[in-house]
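Me: I should like to go through this structure and ask, term by term, on what grounds each description rests. Please set each value against its criterion.

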Amino acid sequence: MSDKKAILEIDGIDQPIELPIYSGTLGPDVVDVGGLTSQGLFTYDPGFVSTASCESQITFIDGGKGILLHRGYPIGQLAEKSDYLETCYLLLYGELPTKEQKEEFVGTVHKHTMVNEQIRTFFNGFRRDAHPMAIMCGVVGALSAFYHDSLEISEEQHRQVAAFRLIAKMPTLAAMSYKFSTGQPFMYPDNSLSYSENFLHMMFGNPCESSNISPVLARAMDRIFLLHADHEQNASTSTVRLAGSSGANPFACIAAGIAALWGPSHGGANEAVLEMLEEIGDVSHIDDFVARAKDKDDPFRLMGFGHRVYKNFDPRAKVMKEAADEVLAELGIENDPLLEIAKRLEEIALHDEYFIDKKLYPNVDFYSGIILKAIGIPTSMFTVIFAVGRTVGWIAHWNEMISGSYRIGRPRQLYTGYPQRDFVPVDKR
Ligand code: CMC
């Protein structure tokens with residue numbers, strides 16, 4: 001906090017209004033506009049481009065410099081030296097765990113991987129061709145109907161158990177939503193495997209054969225989860241906070257986050273990237289699509305390019321590109337036509353004036369889509385995998401809010417509809 005103040009002069013109001021300014025440890029100062037309502041004023045900021053919706057100690061982003069820190073640690077260091085579950089611990093508790101704390105945390109997550117057997121029958125209510133994100137919105141929300149013993153949000157112990165359940169069960173539910181679409185039997189988790197190995201085992205294994213999981217692919221999967229673990233107040237995290245601010249239970253809040261993530265401007269972009277590559281179809285068509293992306297009258301955008309916050313480069317994309325190269329080398333993939341299109345597109349966009357001027361760089365979803373395709377994950381599962389990784393971020397933010405002081409989130413509006421008018425009976429209209 002600081003002693004600085006903003007002075008706001010408004011036509012028609014005699015006295016200038018003093019607004020306190022707060023400083024964080026990093027990032028721009030914020031002007032506290034909360035007192036404006038007493039002057040009969042609201043602020044107006046569609047898309048929340050200039051609005052800090054809360055105070056948080058979890059993640060810091062400097063979009064101009066391409067910096068992403070979790071609890072102060074740069075994402076590149078975490079991706080290189082840590083793993084997903086250790087990063088989960090860091091996000092939830094604020095510090096890296098000791099060896100013993102890490103073992104205990106990982107052991108507890110493993111103990112919660114199974115879902116209530118009744119949930120298996122819940123899946124049968126869906127059509128076989130249901131989108132896995134539609135299934136995830138439903139089944140994750142339904143967890144609140146199965147785990148009544150962790151719904152008392154004012155109790156820290158309940159919040160902890162709910163966090164473990166969500167982090168542990170998301171890969172199980174994600175793999176079930178895929179298996180359901182293929183008609184194959186659901187795979188039970190194997191707790192002797194690591195988090196990402198277990199996910200690949202439940203996705204690609206079958207009860208008749210033992211799973212053979214490549215360590216390179218498991219490491220790539222772990223990195224994908226880690227690189228998606230948190231991203232401060234993005235649309236889905238803000239949705240989780242807003243839903244949670246009403247006192248809703250954590251399973252319902254995370255289901256709300258999954259719904260917000262689904263859209264193509266957010267988590268749905270990784271799926272949209274692959275669909276776009278398929279639509280382009282051949283490198284000879286790239287110029288047409290780039291021209292369309294630049295045409296103001298055409299709503300088409302290059303999926304996987306641009307970011308609301310990163311206006312230099314996306315630090316997650318840098319690591320993801322390295323992981324993509326590793327995976328393609330491990331799998332010996334050299335001549336995949338879609339990957340060829342992706343590489344050419346990246347090259348063109350990085351050198352084209354339009355994309356340079358507007359600071360539109362390949363984002364994390366551009367490369368994660370390529371890796372997931374190479375691993376053999378179907379496109380419709382891409383956003384589900386984002387949701388698995390992001391669950392810890394959602395729950396860390398929800399927990400930070402609930403364990404501090406908070407009020408229900410209730411934005412106001414600039415009303416431009418009719419002024420008051422009298423009802424007209426139907427025979428007089
Ligand atoms: N292709 C072509 N033009 C673009 C693109 C793109 N991908 N992204 C932005 N622009 C243009 C846009 O038309 C606008 O031009 P102008 O100033 O002439 O009107 C300018 O760049 C600024 O765009 P904006 O929509 O005002 O920027 P935003 O910050 O509101 O949107 C975004 C950010 C990520 C929604 C947008 O860049 C986009 O739609 N990208 C494609 C979808 C995508 O890859 N999303 C994944 C984001 S990373 C994962 C996550 O964190 O969820």
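Me: What kind of model is this, and how do strands β1 and β2 pair?

Reply: This is a predicted model. Strand β1 (residues 5-8) pairs with β2 in the antiparallel sense over 4 bridges. Pairing requires at least two bridges between the strands, and the 4 bridges of β1 and β2 satisfy that requirement. Within this pairing, Ile-7 stands opposite Glu-18 in β2.

Me: What makes β2 and β3 a pair, and which residue of β3 stands opposite Ile-21?

Reply: β2 and strand β3 (residues 30-31) are joined in the antiparallel sense over 2 bridges, and the criterion asks for at least two. Val-31 in β3 stands opposite Ile-21.

Me: Which residues make up the covered face of strand β2, and which the uncovered one?

Reply: In β2 (residues 17-22), Ile-17, Leu-19 and Ile-21 form the covered face, while Glu-18, Pro-20 and Tyr-22 form the uncovered one. In a regular strand, side chains alternate between the two faces of the sheet.

Me: Why are β4 and β6 said to stand at the edges of their sheet?

Reply: The sheet is open, with 3 strands in the order β4-β5-β6 and antiparallel pairing. β4 (59-62) and β6 (73-74) each have a single partner strand, so one side of each lacks a neighbour in the sheet. Strand β5 (residues 67-70) pairs with β6 over 2 bridges, and Leu-69 stands opposite Pro-74 in β6.

Me: Why is helix α2 called largely enclosed?

Reply: Of the 10 residues of α2 (residues 84-93), 9 are buried, so the helix is largely enclosed by the rest of the structure. To count as buried, a residue must have under 20% relative accessible area. Among the buried residues of α2 are Tyr-84, Glu-86, Cys-88 and Leu-92.

Me: What is found at the start of α2, and what follows the helix?

Reply: At the start of α2, a side-chain oxygen of Asp-83 comes to within 3.3 Å of the backbone nitrogen of Leu-85. The helix is followed by Gly-94, whose phi is positive, near 95°. Asp-83 also belongs to a network of salt bridges with Glu-86 and Lys-102.

Me: How do you know that Lys-169 has no salt bridge?

Reply: The nearest side chain of opposite charge, Asp-149, is 9.3 Å away from Lys-169. A salt bridge requires a nitrogen and a carboxyl oxygen within 4 Å, and therefore the distance of 9.3 Å does not meet the criterion. Lys-169, found in helix α6 (residues 156-182), is nevertheless buried. Its side chain reaches the backbone oxygen of Met-114 at 2.5 Å. Residues touched by Lys-169 include His-112, Val-115 and Tyr-147.

Me: What makes Glu-103 and Lys-99 a salt bridge, and where do they lie?

Reply: Their closest N and O atoms are 3.4 Å apart, which falls within 4 Å and therefore qualifies. Both residues lie in helix α3 (residues 99-111), 4 residues apart, or about one turn of the helix. Glu-103 and Lys-99 are both exposed. The structure holds 14 salt bridges.

Me: Why are Asp-129 and Arg-127 called exposed, but Arg-292 partly exposed?

Reply: Exposed means over 50% relative accessible area. Asp-129 has 55% and is therefore exposed; Arg-127, at 60%, is exposed as well. Arg-292 has 31%, a value in the range between buried and exposed, so it is partly exposed. Asp-129 and Arg-127 form a salt bridge at 2.8 Å, and Arg-292 meets Asp-298 in another, also given as 2.8 Å.

Me: How many aromatic pairs are found, and why is the pair of Phe-199 and Phe-225 edge-to-face?

Reply: A search of the whole structure finds 18 aromatic pairs. The ring centres of Phe-199 and Phe-225 are 5.7 Å apart and the planes stand at 75°, so the pair is edge-to-face; the term applies to planes over 60 degrees apart. The pair links distant parts of the chain, with Phe-199 in helix α7 (residues 195-204) and Phe-225 in helix α8 (residues 215-227), 26 residues apart.

Me: Are Phe-199 and Phe-225 buried or exposed?

Reply: Phe-199 has a relative accessible area of 0% and is buried. Phe-225 likewise counts as buried at 0%.

Technical notes:
Residues are numbered from 1 along each chain as its sequence is written. This is a predicted model: local features need pLDDT of at least 70, side-chain atom pairs count only at pLDDT 80 or more; totals for chains, interfaces and linings use all residues. Side-chain values use heavy atoms; hydrogens and water are left out. Buried means under 20% relative accessible area, exposed over 50%, partly exposed in between (1.4 Å probe, protein chains only). Lys and Arg count as positive and Asp and Glu as negative; His and the chain ends are not counted. A polar contact is a pair of N or O atoms within 3.5 Å; within protein, one must be able to donate a hydrogen and the other to accept it, and residues adjacent in sequence count only if both atoms are side-chain atoms. Contact means heavy atoms within 4.5 Å. Rings of Phe, Tyr and Trp (its six-membered ring) pair if their centres lie within 6.5 Å; planes under 30 degrees apart count as stacked, over 60 as edge-to-face and the rest as tilted. Lists of a residue's contacts leave out its neighbours within four places in sequence.
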